[in-house]
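Trainee: I would like to request a close look at a single part of this model, with the reasoning set out step by step.

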Amino acid sequence: MRLEAAARMDLIKKLWRARKLILVVLIPLSLLPLPLIHPTSEACCAYVLIVTAVYWVSEAVPLGAAALVPAFLYPLFGVLKSSEVAAEYCKDTTLLLMGVICLAASIEKWNLHKRIALRMVMIAGAKPGMLVLGFMCCTVFLSMWLSNTSTTAMVMPIAEAVLQQLISTGVADTQEDSETVEATEDDCLGGMAALSLPAVNISDVATQGASGEFANLGKESKNSRYPTKRDHMICKCLSLSITYAATIGGLITITGTSTNLIFAEQFNNRYPDAKVINFGTWFIFSFPIAIIMLLLTWVWLHFLFLGCNFRETCSLSKKRKTRREMLSERKIHDEYIKLGPISYPEVVTGVFFILMTLLWFTREPGFVPGWTSLFEKKGYRTDATVSVLLGFLLFLIPARRPFSRSPRTTAGGGSTERDPDPLAPMITWKDFQNLMPWEIVILVGGGYALAAGCKVSGLSVWIGRQLEPMSGLPPWMVTLLACLLVSAVTEFASNPATLTVFLPILSALSETLKINPLHTLIPATMCVSFGVMLPVGNPPNAIVFSYGHVQISDMVKAGFGVNLIGVLVVMLAITTWGVPLFNLTEFPDWAIDRNVTGSL
């Protein structure tokens, strides 16, 4: 009996070690009857969609490899041609990301991100809660005018530098037995330089973690890059807060994200007599949504990763600091001094950062003509055009000041080595290649490929037909179900493709049920941005995931709460201040005319 039990346990252990391989083989085989029994394009597309989704969620294979599943299954099942699938893996967002990575490479090479990060930490202080909220506010503001992908790609390197600085100096909320130092504001600011206490490093943090609050938190394993579990939690919280803030900021303006523009374009084409959607009305409706979501999302992330002790992590008082916080701020101040005066490459990089931001903002602001109106042909120039142009120039501009005979100053401000090449550019291809997340490009491309297959195969139309039983529901229930459905689908498909598929369906449904189309279209447009539970939900998620602080389970757990918050806040808005703003209580004349004379 014992031998049989031992053999059984050994078999179970072997199966557990091979669980990923078993899942990779078992899932496609178990679902294979779907396309074999129903050999239609819809069934074949659904098969590919389910297999890819299971691979992504389970991480049975690397995410980039799982994203290649549609590349060979779609042609094999006759859903899309191989050339059509390949075209989905390189989109405008890919070029946008490449241009932004060029700028990020220059920022990192010349330590501009470290200068910005250290200055931000000096302003925000060592309180993790306020640091996260500060980053979220900055990201929301940038994302109002820039694309979510661009904002995340720019902010994450700065946040990563802040996180590394916090970890290396022990700022990660490591309070020692709740010991605090009462001091005046002058003592806190000026007294740090007079302290003769030793600098804090990672080994100190690990040593002191054996008592006090650290004893409860526990130390990470020897192979971990985090001194304590608390440090890891802060890294997760700050990383996820940036992608969520980028999503929230994109809701505010009609140009904040591509899905808003898709909605405006399709709505105006379908209802040309409806003069209700413009920059002003959208801003009035969405700005309160963004503010409420920002605060609730911050509270949710704080509760999930930092706990409920808001007083300790979010105190604004400078009179009440722990000894470790004072040591940490002193260390950060010393590190900032070591950077020395700002260098010429940092100035060039900063100018390019500002120039890229201004060109993106002024391209098509919406409320005034942008610089693209100077060109005869419209629609040719996008954010990717600007980012690739400026990124290309960084490979050409010399890193040394023109007509300067002084030795070249390296990043960090201390070296006086003379560069053998006085015309060495700001960045090299190696600098770019070290930062370019090619796995993320394939990951996002896989999402676009799935969306294209759903549209071409007719699976999206089949899904739309399943909405017909909703005819007996009240308007708010129809809107709620539409929001939940769109939020679920966009987790596995790109946001623009999902919205493009669902807008005609929801428009026809609203006309059939005699509901103001804006009652369903606006909430669906906003909820399509809430693909925040998986890295493939949208490019910002993938960028944050590539930094390695969070796992799939972290994104699912945190993203579910953010998704629920978003849907509830949007429903609150459309049933309160949205009613008088868009006159949602009546079925409008422009929709009646379209219902009588129009067609899908």
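Which residue lies over the face of Phe375, and at what distance from the ring centre? Please continue from there to the aromatic rings and to helix α23.

Mentor: The model is a predicted one, and what follows should be read in that light. The residue over the face of Phe375 is Arg381, at 4.1 Å from the ring centre.

Aromatic rings also meet one another in this model: a search of the whole structure finds 12 aromatic pairs. One of them joins Phe395 and Phe432, whose ring centres are 6.5 Å apart. Their planes stand at 70 degrees, and a value over 60 counts as edge-to-face, so the pair is given that name. Phe395 belongs to the loop between α21 (383-394) and α22 (429-435), whereas Phe432 belongs to helix α22, so the contact ties together parts that are 37 residues apart in sequence. The two partners can also be described by their accessibility. Phe395 has a relative accessible area of 22% and is partly exposed, because buried requires a value under 20%. Phe432, with a relative accessible area of 1%, is buried. Both rings belong to one aromatic cluster, formed by Phe395, Trp429, Phe432 and Trp438.

Helix α23 covers residues 438-457, and its geometry can be checked. With 20 residues at 1.5 Å a residue, α23 should span 28 Å; the end C-alpha atoms are 28 Å apart, so the expected and computed spans agree. The helix is mostly covered, with 15 of its 20 residues buried. Just after α23 comes Gly458, which takes a positive phi of about 90 degrees.

The helix also takes part in enclosing space. The structure holds 3 cavities of 30 Å³ or more, and the largest cavity contains about 110 Å³ of space. Its lining is made up of 15 residues, of which Thr93, Thr94, Leu97, Val441 and Val444 are the closest to the centre. At least two lining residues are supplied by each of α8 (92-109), α23 and α28 (539-545). The largest share, 5 residues, comes from α23.

A remark on cysteines completes the account. The count of disulfides comes to 0. For Cys44, the nearest cysteine sulfur is that of Cys45, 8.7 Å away; a disulfide would require the sulfur atoms to lie within 2.5 Å, so Cys44 is in none. Cys44 is buried, with a relative accessible area of 6%, and Cys45 is likewise buried, at 0%.

Definitions and conventions. Residues numbered from 1 in each chain as written. Predicted model: local features only at pLDDT ≥ 70, side-chain atom pairs only at ≥ 80, totals over all residues. Heavy atoms only, no water. Phe/Tyr/Trp six-rings, centres within 6.5 Å; stacked < 30°, edge-to-face > 60°. Helix = DSSP H or I, 4+ residues; strand = E, 2+ residues; numbered from the N terminus. Buried < 20%, exposed > 50% of the residue type's maximum accessible area, 1.4 Å probe, protein only. Lys NZ or Arg CZ within 6 Å of the ring centre and 35° of its normal. Expected span 1.5 Å × (residues − 1). 1 Å grid on protein atoms, 1.4 Å probe; cavity = no way out; pocket = protein on both sides within 12 Å on 5 of 7 lines; lining within 4 Å. Points joined across faces, edges and corners; volume = space filled by probe spheres on them.
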